[in-house]
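Colleague: I have a model open and would like to learn how to read it. Could we go through it feature by feature?

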Amino acid sequence: MSTQGPSIHDTGALFQIAEPEERRAPARAPGRGIGIDLGTTNSLVALAPHGDDPKVLADGEGRALLPSVVSYVGDRVIVGDAAQAQQEEAPGQVVSSVKRFMGRGLSDVDFTHPYHLVAPSQGAGVLRLDVGAEGEPHLVTPVEVSAEILRVLRLRAEDALGGPIDGAVITVPAYFDDAQRQATRDAGRIAGLNVYRLLAEPTAAALAYGLDRGGQGLFAVYDLGGGTFDVSVLRLHDGVFQVLATGGDSALGGDDLDRALAAHLLGRAGFDETRPPTRHQRELARIAARAAKEALSEQGEVRVSVAACGIDDLAVTRATFEELIEPLVQRTIRACRAALRDAGVRARELDGVVLVGGSTRVPRVRAAVEETFGRPPLTDIDPDKVVAYGAAIQADILSGSAREGVTLLDVVPLSLGIETMGGIVEKLIPRNATIPIAARQVFTNYSEQQTGMQIHVVQGERELASDCRSLARFELRGIPRLPPSMARVEITFQLDADALLTVTARELMTGVRQSVEVKPTYGLSEEEVDRLVMESYDHASDDYAARNLAEARVELGRVALAVRTALAEVGHLTAILPAEERASIEAALVSADALMREASEAEAVNAARVEIERRSEPFARRRMERALLAGMEGKSLHEIESVLAAEEEHLDERRGGHSAEVIDG
Amino acid sequence: MNEPRKQGAGEVDYFACLDLPRRHAIDRAALERRYLELSREVHPDRFAGASSGEQRAAVERASLVNAAYRALRDPVRRAEHLVKLGGIDLDLTDPERGAPDPGKAFLIEMIELREALEEAQGAGAAAVGRLRGAIEARAEETLDAGIDAIDGGEVREAARHLVIHRYLQRFLDEIDGEAH
Amino acid sequence: MSAARDLRGMPTITITGRAAKVMRDQLQRRGTPNARIRFGIRGGGCTGYAYLFEFEDREPRANDHVFTKDGVTLIVDPKSMLMLDGTEIDFETGIRGHGFRFKNPNVQDSCGCGESISF
């Protein structure tokens, strides 16, 4: 009770002067809310504007799943498939499964990974990954890495919506603790998102399924994500989704199935303690194992080759794989039984069991779920997308659209408490309590000499604080000198609807109110988040400008090429193009060429394009008329109509976009 | 820091919060119905577009509704809340307003039960199971006696039964904790 | 800076110099240097009351209480005045950010965040 804590302020809340009700801008933008499934392996963004069915947004090449992989090779940050492609050559500089590091301290990282970790300087604070090239350290926090993924999804959604988005619902594993949730929220802020809500993944899945099925009944959701496992038991009635209990393991997921198989492959290739694989080899084996796992869901045997590990055409049967993963599967089943018990529900009372996550495609996993719950699981919604669908529905509701209201009553997955004398945890909020919820408790001094009180906030089910997750430590000072047990300090825990905790304290005897700064043990400080948010604004405007310029150049190039093609084909016909008009168009093309080389701003490039379009419009019209006339000779009415329709489409698409291919003579 | 104590003043009446009569026997269906109704009304998601002050107020109202539901849904917590409303808080050590002394006779009984547990653990799982069953029955009787006392308006007597019930429940949790 | 009832028995609100300066500054920046600030208590619900603190563009009503400090005008409605009498408004800066703080001697109990109060 003697260490120096952060400074104490006098009382509770600080207020700002608000605008009066009638002057407040509408706080929401209906239909502009997005749902994001920020997964360990893959991430997705979905939209369900104005009560529409949810749709997952794909990138320019039609890919909906964005691999949650961020590459720091070279001086550019790359996210997704392109980053994944660089993983083999530079595993230490390409971050995958960053979700496993979110809100974690060095001692929590007990899984294998290819990264060089840098511990925070004074025990507390956030963990960093060194993703620089050899001899050029480049430190990033897991929160920043996640923000890169979120930023790509945000841009994808902005493209789809044709403008800025209002806010986002980001899903988190139900079993995420306060630090992990806080880290996720911070990542959202750094990515420039207004985070409406953090939504538990199984709850999101239930929302997608429940609305599909009339929204009544008892459901269990079995969610085996890339790096996390969750199980939730929910009751659905009259538009209320009530989570009765949740359980799981935030350090067990589909990746562990891959790792188990990878360890087996390396073992068969002759690696052991005396001859351990390099980090690089381990990573390559893991990538091969994942592919093998996926293949084994379809076939009974697969052959694996990893040259760098000396693995050559090694046969792995489904039976071997199932044997390897059985202990992991059993861990998930134990969590399912515990969740049923906590919910006070028997397996046979359930109306359905929902599967979520790509690894639930593994036949052994499906069979185990079926055995446990006594019924075949529901799989009619794509297990990779169902969470994003639910998030999009909730985002639509929170954006203020007219969608029929749904109320989600979620729970806190792990108990919250305070360390008392002897390292024993006094629980203030029990696990599976419906959120939001508040609890307060009074603590006393143990000696008259005590003028400070060290408060240690922990989360977990164990009796001893040292076995629980440390969320924050702070010291209350200025306690009056009073006989033992006379000084009384009331600690209040408030959990909001995101299951994020706020702690306040006040001394009751003197009436002096003290609010305390709770410094998260494994989180970014407020200042760090603020700095990163500001930096991302700087980057965002750079990124945005660069992207706009690139797009403007492409457009200008396209229009200029189309006009030049048309000029080359029919430009000599003065009936279609009078000489002075031709000169005017050519002048515009010349200045466009100069801008293509020199322009640094999208506006100038766009203006040049508009100018070409304006000057060439009469030419385009006359050319189209001619094409139609030419086309009609000797053709059926049907053919003429389809030519007409095609031409109109082109016109709609881009005014002045000259299509050379319609001209045939 | 010493053991926790709770402040007794200004107790919120959870029964009033959920529009239920203040007594132990409750209509479970009415409790569930009212809880869901209120949840729909006060959930913070309903105030997503409101001012920050209203949003915070919604968090607090919803917190209260959730706390009330949690307390009233469970027969033990419901009984303890009634005793609290009657002026005795089992979480306080205060001799007047806090948990009453369970009595010397009961403390002796607890010591004997611990000895019996050790003996049963030596004899195997079946013996532990039998002892557990007996203690569970004793806990239920105690809770019933507490509820009868509440219904009869004898708050102090009810509190004494409920304190004993807490000891027995903790003992059961310990047995279960060691089992796995 | 004690916030006691003054000698004539009139209700008081104390505004610290620092708080007045920030209020003036914010009115300027809003482009309405002559507007007022309304301070009050909004009622309700299961958990009681919450503070209202906002810009006021309209003239004070007949029975509103009007306080001035360094050119800033603060308006309190009579019902709220009963629960705000003696309150000191200060402005603070800290790690968590900055804002106005209300030291209200009438408050008995407050929720964790201090936003909701009871009397």
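Colleague: Leaving aside neighbours within four places in sequence, which residues is Ala391(A) in contact with?

Modeller: Keep in mind that this is a predicted model. Contacts are judged by C-beta atoms within 7 Å. By that test, and without its neighbours within four places in sequence, Ala391(A) touches Gly35(A), Ile36(A), Asp37(A), Ala46(A), Val169(A), Thr171(A), Leu199(A) and Ala204(A).

Colleague: Which residues have the most contacts inside the largest nonpolar core?

Modeller: Ala391(A) is one of them, along with Ala205(A), Val221(A), Tyr222(A), Ala392(A) and Ala68(B). That core has 195 residues. Helix 3 of chain B, residues 52-73, gives the most to it, with eleven residues. There is also a second, separate core of 16 residues, which includes Val563(A), Leu577(A), Ala608(A) and Phe619(A).

Colleague: How many residues does each of chain A and chain B bring to their contact?

Modeller: Chain A brings 35 residues and chain B brings 23. On the chain B side, the elements giving two or more residues are helix 2 (28-42) and helix 3. Helix 3 of chain B gives the most to that side, with seven residues. Sorted by class, the chain B side has nine nonpolar, eight polar and six charged residues.

Colleague: Now a single helix. Why do the buried residues of helix 11 of chain A line one face?

Modeller: The general idea is that an α-helix has 3.6 residues a turn, so residues three or four places apart point the same way. In helix 11 of chain A, the buried residues are Ile585(A), Ala588(A) and Ala592(A). Looking down the axis of helix 11, these buried residues fall within an arc of 60 degrees, so they line one face. The face turned away from the buried side carries exposed residues, among them Glu580(A), Ser591(A), Arg597(A) and Glu598(A).

Colleague: What span should helix 11 of chain A have at 1.5 Å a residue?

Modeller: Its 20 residues, 579-598, should span 28 Å, and the end C-alpha atoms are 29 Å apart, which agrees.

Colleague: Which domains does the assignment give for chain A?

Modeller: Domain 1 takes 33-253 + 326-409, domain 2 takes 254-325, domain 3 takes 412-524 and domain 4 takes 528-662. The centres of domain 2 and domain 3 of chain A, taken over C-alpha atoms, are 46 Å apart.

Colleague: And what is the secondary structure of chain C?

Modeller: Chain C has two helices and nine strands, in the order β-α-β-β-β-β-α-β-β-β-β along the sequence. Of its 119 residues, 32% are buried. Of the contacts in chain C between residues at least 6 apart in sequence, 53% join residues at least 24 apart.

Note on methods
Residues are numbered from 1 along each chain as its sequence is written. Chains are lettered from A and ligands numbered from 1 in the order in which they are written. This is a predicted model: local features need pLDDT of at least 70, side-chain atom pairs count only at pLDDT 80 or more; totals for chains, interfaces and linings use all residues. Domain bounds come from an automatic or database domain assignment. Helices (H or I, at least four residues) and strands (E, at least two) are DSSP runs, numbered from the N terminus. The expected span of a helix is 1.5 Å times one less than its number of residues. A residue is buried if 20 or more other C-beta atoms lie within 10 Å of its own, exposed if 12 or fewer, and partly exposed in between; C-beta atoms are placed from the backbone. The arc is that of the directions from the helix axis to the C-beta atoms. A nonpolar core is a set of buried Ala, Val, Leu, Ile, Met, Phe, Trp, Tyr and Cys residues joined through C-beta atoms within 7 Å. Two residues are in contact if their C-beta atoms, placed from the backbone, lie within 7 Å. Ala, Val, Leu, Ile, Met, Phe, Trp, Tyr, Cys and Pro count as nonpolar, Asp, Glu, Lys and Arg as charged, and the others, Gly among them, as polar.
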